[in-house]
Amino acid sequence: MNETTQNTPDSQVVTMLDAGVLVPFQNQPFRVATGEEMDQLKESIQEYGVLSPLLARPLPNGSYEIVSGHRRKAACEALGITQLPVLVRPMTDDEAIILLVDSNIQREHILPSEKAFAYKMKMEAIKHQGQSLANSTCGQVGHKSRDTLSKTESGRTVQRYIRLTCLIPSILQMVDEGRIAFNPAVEISYLTEEDQQLLKDEMDACQATPSLTQSRTLKQMSQAGTLTREYLHHLLTEEKPNQRQKFFLNQEDVKKFFPPNYTPEQMHNTILLLLRNWQHKRGYNKNQPER
């Protein structure tokens, strides 16, 4: 293995390592970007080199587990670069997980599933670090960890992201694809796995997804054990309020036809009365086609 070292201005030692000894972090939730993002990174590395060294920890078998820099390694491999600058730092599993999440969670493009599993990993790592406390305080540690998981999102929001990890993979994929919104997805995560699969089958069959209100109803029914395929079909095929066509009259366009002292209610009632008279004169019935 070729290995050289150099000191950074802050006295941290950067080692040049073969790409072959660098292995991805086990079960890390972040995808390696492709397409335009990867092209931009490769262009930058081609022009300037790897400006920021990777961060990795040594493993007993002689390889190094990447904590930060999976995308940089992939870009270098695509460019045929075999020697990478790496800051090697011994770390425990929990320390490595926390650093992994913190170095990736603020990325510009991150999927809901990536954020969900990242927060869950960091939550478990923080709780594990606190296991030396008495068992009676474990609940407090868990609550505290939710509030310290993110510098930009509340503990409540973090908890809701973690709920997404309870979705079956096919529904979680729909969330990543933007086919199900975040808030309904959180409610759906409380359904049993069996009910989630029923829901997925009906969503595919009906080409529809439940609204937030409908998702809350499904959550209650699943927890009560009363959710059926028949009800799911009925719910997904019913017309949602936001799907109904609405007709509005601009008050400014209408009030010029009425005395100045007419209220909106008086104008509304008068318009309805005139429409009824118009309907009567034309002999028109809304349940029959117009003649």
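Does Leu-272 count as buried, partly exposed or exposed, and what is its relative accessibility? In this predicted model, Leu-272 comes out as partly exposed because its relative accessibility is 32%, and the partly exposed class runs between 20% and 50%. Leu-272 sits in helix 13, which covers residues 264-282. On the surface, Leu-272 teams up with Leu-275 and Trp-278 to make a nonpolar patch. Taken together, the three have about 290 Å² of accessible area.

Next come the pockets. The largest pocket holds about 280 Å³ of space. Its lining is made up of 16 residues, and those that lie nearest the centre are Leu-41, Arg-71, Arg-72, Asn-104 and Arg-107. Three helices each chip in with at least two lining residues: helix 1 (36-48), helix 2 (70-79) and helix 3 (93-104). As for chemistry, the lining is a mix, with five nonpolar, six polar and five charged residues.

Then there are the salt bridges, and a search of the whole structure turns up twelve. One of them pairs Lys-122 with Asp-102, whose closest N and O atoms are 2.6 Å apart. This pair links distant parts of the chain, since Lys-122 belongs to helix 4 (residues 112-129) and Asp-102 to helix 3, with their positions 20 residues apart in the numbering. The two partners are not covered alike: Lys-122 counts as buried because its relative accessibility is 6%, whereas Asp-102, at 39%, is partly exposed.

Another salt bridge brings Glu-187 and Lys-219 together, with 3.7 Å between the closest N and O atoms. Glu-187 is part of helix 8 (residues 182-188) and Lys-219 of helix 10 (residues 212-224), so this bridge ties together parts that are 32 residues apart in sequence. Glu-187 has a relative accessible area of just 9%, so it goes down as buried.

A further bridge joins the side chains of Arg-229 and Glu-202, at 3.4 Å from N to O. Here too, distant parts of the chain are linked: Arg-229 is in helix 11 (residues 229-237) and Glu-202 in helix 9 (residues 193-206), 27 residues apart. Arg-229 is partly exposed, with a relative accessible area of 36%, while Glu-202 is buried at 8%. Finally, Arg-57, Glu-65 and Asp-93 are joined into one network by salt bridges that share partners.

Key
Residues numbered from 1 in each chain as written. Predicted model: local features only at pLDDT ≥ 70, side-chain atom pairs only at ≥ 80, totals over all residues. Heavy atoms only, no water. Patch = residues over 30% accessible without salt bridge, like charges linked within 9 Å, V, L, I, M, F, W, Y side chains within 5 Å. Areas by Shrake-Rupley, 256 points an atom, 1.4 Å probe, with all protein chains shown as cover. Salt bridge = Lys/Arg side-chain N within 4 Å of Asp/Glu carboxyl O. Helix = DSSP H or I, 4+ residues; strand = E, 2+ residues; numbered from the N terminus. Buried < 20%, exposed > 50% of the residue type's maximum accessible area, 1.4 Å probe, protein only. 1 Å grid on protein atoms, 1.4 Å probe; cavity = no way out; pocket = protein on both sides within 12 Å on 5 of 7 lines; lining within 4 Å. Points joined across faces, edges and corners; volume = space filled by probe spheres on them. Nonpolar A, V, L, I, M, F, W, Y, C, P; charged D, E, K, R; others polar.
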